Amino acid sequence: MLRAQIAVRLGTLDLDVAIDVAAGEIVAVLGPNGAGKTTFLRALSGLVPLDAGRVTLDEVVFDDVSTGIHLAPERRPIGVVFQDYLLFPHLSALENVAFGLRARGASTKNARAAAESWLDRLDLGPYKEARPRALSGGQAQRVALARALATEPRLLLLDEPLAALDASARGAVRRDLRRHLASFDGIRIVITHDPLEAVALADRLVILESGRVVQTGSPAEVTRRPRSRYVADLVGVNLFRGIATAGHVALRGGAAIQSADGVDGEVFATVHPRAVALHRARPEGSPRNVWRGHASALDFQGDRVRVGIEGEMPIVAEVTPAAVRELDLAEGGEVWVSVKATEISVYPA
Amino acid sequence: MSSERPPALLAALAIVGVAFFILPLAGLLARAPWQSALGELTTPEALTALRLSFVISLAATALALLLGVPLAWIYARVPFRGRDLIRALTTLPMILPPVVGGVALLFAFGRRGLFGQALDAIGIRLPFTTFGAILAATFVAMPLLVLTVEAGLRSMDRRYEDAARTLGAGRWIVFRRVTLPLIAPSVFAGAVLCWARALGEFGATITFAGNLPGTTQTLPLAVYIALETRPEVAIMLSVVLLAVSLAILVAMRDRYLRAF
Amino acid sequence: MRGVLAIALLLTACVSPSRTETPQITDVTVFAGSSLTDAFARAGDDFTKTNTRVRFIFNFGSSSTLATQITNGAPADVFASADEANMQKVLDAGLAKSPRTFASNELQIAVPTGNPKRIAGLADLARPDIVLVLAAPTVPAGKYALEALAKAGVTARPVSQEVDVRAVLNKVSLGEADAGIVYVTDVRSAAARVAGVAIPDQQQVVARYPIAVVKGAKDPQLAGQFIDYLTSPEGQKILAGFGFSRP
């Protein structure tokens with residue numbers, strides 16, 4: 001069990017998070033650039049001192065600012081896979097993997113034997129004597145993983161493990177990484193800005209924005225009920241915030257929508273762009289949410305077009321290219337918007 | 001890489017700049033007694049001075065490495081009050097006239113010097129000894145090494161050190177097994193510059209250590225002394241000095257650029 | 001822009017003296033052995049009092065360095081050497097003729113003030129507890145010192161062969177050396193910091209100082225007048241004041 005309360009001020013960053021991770025759990029810390037993800041990882045590693053807080057892993061106290069405890073990085077039972085991997089360029093793959101064991105006092109012979117078995121396990125047998133610069137991105141990543149795992153850490157930290165790879169290599173490496181992470185039974189924390197990576201690798205997501213945890217939960221929970229603009233954008237839904245009273249949601253900014261969900265109080269409301277219908281004239285009939293706007297941006301994505309609508313109720317709609325022609329949509333052109341009450345998902349904020 | 005045609009003015013000035021360095025060398029080579037070259041170089045005086053110069057310059061480089069690399073590390077990594085001042089003080093010998101450096105060394109380590117009196121009391125004499133010549137060479141040459149290594153430390157990616165620490169390496173192991181290998185090109189370049197400077201050292205040596213063949217008379221001193229009586233020997237010794245330094249500087253440039 | 005300004009200033013600095021000064025002033029460049037430093041500065045001043053149209057430019061150094069400079073084309077008008085061998089080099093190069101001996105100098109043992117090691121003569125210089133420095137055998141003072149030691153039958157082991165006689169004097173005055181063999185004139189010039197121990201006549205070596213007008217002198221007549229002045233009673237009086245003997 002990792003219990004981390006971490007407060008660090010570093011330049012413009014004000015990081016203040018509290019996260020508990022259960023034994024055997026894989027957690028992805030997801031957030032935009034500058035959210036403080038890497039600082040969070042460095043604080044867990046002991047490379048950045050805390051301004052306040054306490055970090056414990058089971059019975060081991062890593063940091064406790066109130067009692068002045070700070071365990072040096074080299075004394076923490078951790079393994080870190082850094083962004084860019086940071087394989088020592090002057091050492092072979094084998095020597096890189098053996099480094100941690102040597103530093104922890106193993107004999108050269110034992111360290112090399114253990115390193116060899118780790119490289120074999122990660123299908124790197126033929127690259128034992130290779131220098132890091134001779135390795136492909138995926139190979140380097142596995143060497144970095146082997147190096148971090150070789151010391152048998154109880155906490156494994158990975159900082160953007162796929163960011164250094166070509167897009168073409170990423171899929172295969174992600175699958176491999178998932179398999180290797182599954183075979184390790186300690187706590188695993190993956191830092192990433194890539195939602196696909198987070199969802200693919202982790203049991204639980206922690207969304208970090210501007211130094212704060214804004215949401216945490218399983219990938220399904222987080223994607224179903226986004227609680228920030230960042231997550232909503234990642235998932236690709238329209239997110240609104242307001243106060244609900246018996247199906248009537250008064251939004252911040254003045255507009256209001258009707259929902260079929262029976263939640264009251266401070267709420268989030270989401271609408272999938274596909275559920276947003278566009279019309280040339282005011283539609284008649286059942287939709288209870290109808291308003292007027294004008295198209296502000298057209299974004300063609302294959303057989304779909306995302307249309308940004310400005311007006312009293314800004315929203316994104318997703319329609320077919322045929323619909324765009326039919327509606328004679330042009331940027332700045334007037335358009336009527338309707339959303340069925342049943343397509344609006346409302347949940348407590 | 002595409003080559004670019006330089007503006008005419010730049011090209012002209014660059015050519016003057018090159019000529020400024022090449023002409024004196026050409027003058028030296030033109031006056032060198034090539035027919036009797038081997039004879040001039042194998043005189044006992046010349047051989048003694050050559051051997052002594054290599055011993056002294058290599059020992060000075062070793063001493064500079066021993067003291068200079070840690071100093072560079074402190075300058076690059078430990079911010080402390082007065083660091084800039086201390087760094088400037090330890091860089092001063094680079095611009096100080098070497099003769100002044102020699103006098104300063106005498107005031108410190110000479111028989112009546114601040115520290116030399118205590119040394120003298122326990123029977124250690126530095127002036128007029130080979131070790132004194134090594135000290136003089138180190139004094140003027142070490143700043144080159146310190147500055148080069150410090151620059152190397154500042155430009156290296158410190159995250160490698162972080163990686164090493166998370167792998168369980170304490171500060172010393174990090175320094176020895178990660179930092180030092182990563183800055184090896186800078187250390188090598190600094191050592192070569194330091195060595196070249198030590199090899200050519202004249203003023204501080206003659207002032208602090210004097211001039212005695214076989215003990216403190218290094219190549220530049222022998223050249224200076226021989227210039228008036230046996231210019232052929234002086235010129236040939238200078239040519240050797242030039243050839244060796246040139247070879248090292250050319251080799252170093254190549255090596256220096258070829259980092260990992 | 002700033003570079004251009006600097007160059008312009010430099011040019012002005014080079015050009016302006018010849019414009020602003022009266023054309024009668026003639027520069028006489030004198031290359032002289034470093035033991036003559038103080039004496040020539042005074043003699044030059046004295047000579048200028050009666051010859052107001054002359055301005056001296058002195059270049060003091062070891063006589064061997066000066067001879068090398070002159071044979072390589074340095075613009076000297078007068079060369080005063082601390083020994084005959086270096087004058088001979090200049091004569092051999094055809095750059096001067098008929099030198100005149102204008103002074104002589106004797107050797108002394110320079111010791112730190114108070115003579116702490118109680119050195120009485122050349123024989124003491126062979127003592128193992130004495131740190132001795134000499135001038136290099138290639139410079140006149142070093143050659144003379146070896147001759148004197150040979151006359152005295154003393155085998156001395158100097159710890160250093162300094163590049164010129166002033167360097168020997170400095171090592172003694174700094175206290176790094178217990179003794180050095182220098183000229184009488186050197187001891188006198190540094191009387192505040194060193195003491196002299198006399199060398200008896202039978203071990204003494206006399207250094208003769210020749211002087212000559214260098215070929216190509218800008219004003220040979222004026223250069224000759226300076227040499228005449230040095231050998232005149234007034235000139236000799238000034239030289240004697242700095243410890244030089246008559247030729």
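Domain bounds here come from an automatic or database domain assignment. The model is predicted: local features need pLDDT of at least 70, side-chain atom pairs count only at pLDDT 80 or more, and totals for chains, interfaces and linings use all residues. Residues are numbered from 1 along each chain as its sequence is written, chains are lettered from A in the order in which they are written, and side-chain values use heavy atoms, without hydrogens and water.

**Exercise 1.** Describe how domain 1 of chain C and domain 2 of chain C meet.

Step 1. Start with the bounds: domain 1 of chain C covers 2-104 + 208-241, and domain 2 covers 107-203.

Step 2. The C-alpha centres of these two domains lie 29 Å apart. Their contact (heavy atoms within 4.5 Å) takes 16 residues from domain 1 of chain C and 14 residues from domain 2 of chain C.

Step 3. Now the area. Between them the domains bury about 840 Å², 46% of it on carbon and sulfur atoms; buried area is the accessible area (1.4 Å probe) that two parts lose on being put together, summed over both. On the side of domain 1 of chain C, the residues losing the most area are C:Ser34, C:Ser35 and C:Asp83, together 39% of what that side buries.

**Exercise 2.** Classify the packing of helix 4 of chain B and helix 7 of chain B.

Step 1. Helices are DSSP runs (H or I, at least four residues), as are strands (E, at least two), both numbered from the N terminus. Helix 4 of chain B spans residues 83-91 and helix 7 of chain B residues 130-155; they pack at an angle of about 140°, with their axes 9 Å apart.

Step 2. Axes are lines fitted to C-alpha atoms, for helices over the stretch in contact, and angles run from 0 to 180 degrees between N-to-C directions. Angles under 35 degrees count as roughly parallel, over 145 as roughly antiparallel, 65 to 115 as roughly perpendicular and the rest as oblique. Helix 4 of chain B is therefore oblique to helix 7 of chain B.

Step 3. From helix 4 of chain B, B:Arg83, B:Arg87, B:Thr90 and B:Thr91 meet B:Pro143, B:Leu147, B:Glu150 and B:Arg154 of helix 7 of chain B.

**Exercise 3.** Work out the strand order of the open sheet in chain A.

Step 1. Two strands pair if DSSP finds at least two bridges between them. The order is 16-20-17-18-19, with antiparallel pairing.

Step 2. Strand 16 (277-279) and strand 19 (315-319) of chain A are the edges, each pairing on one side only.

Step 3. Strand 17 (residues 289-301) and strand 20 (residues 334-339) of chain A pair over six bridges.
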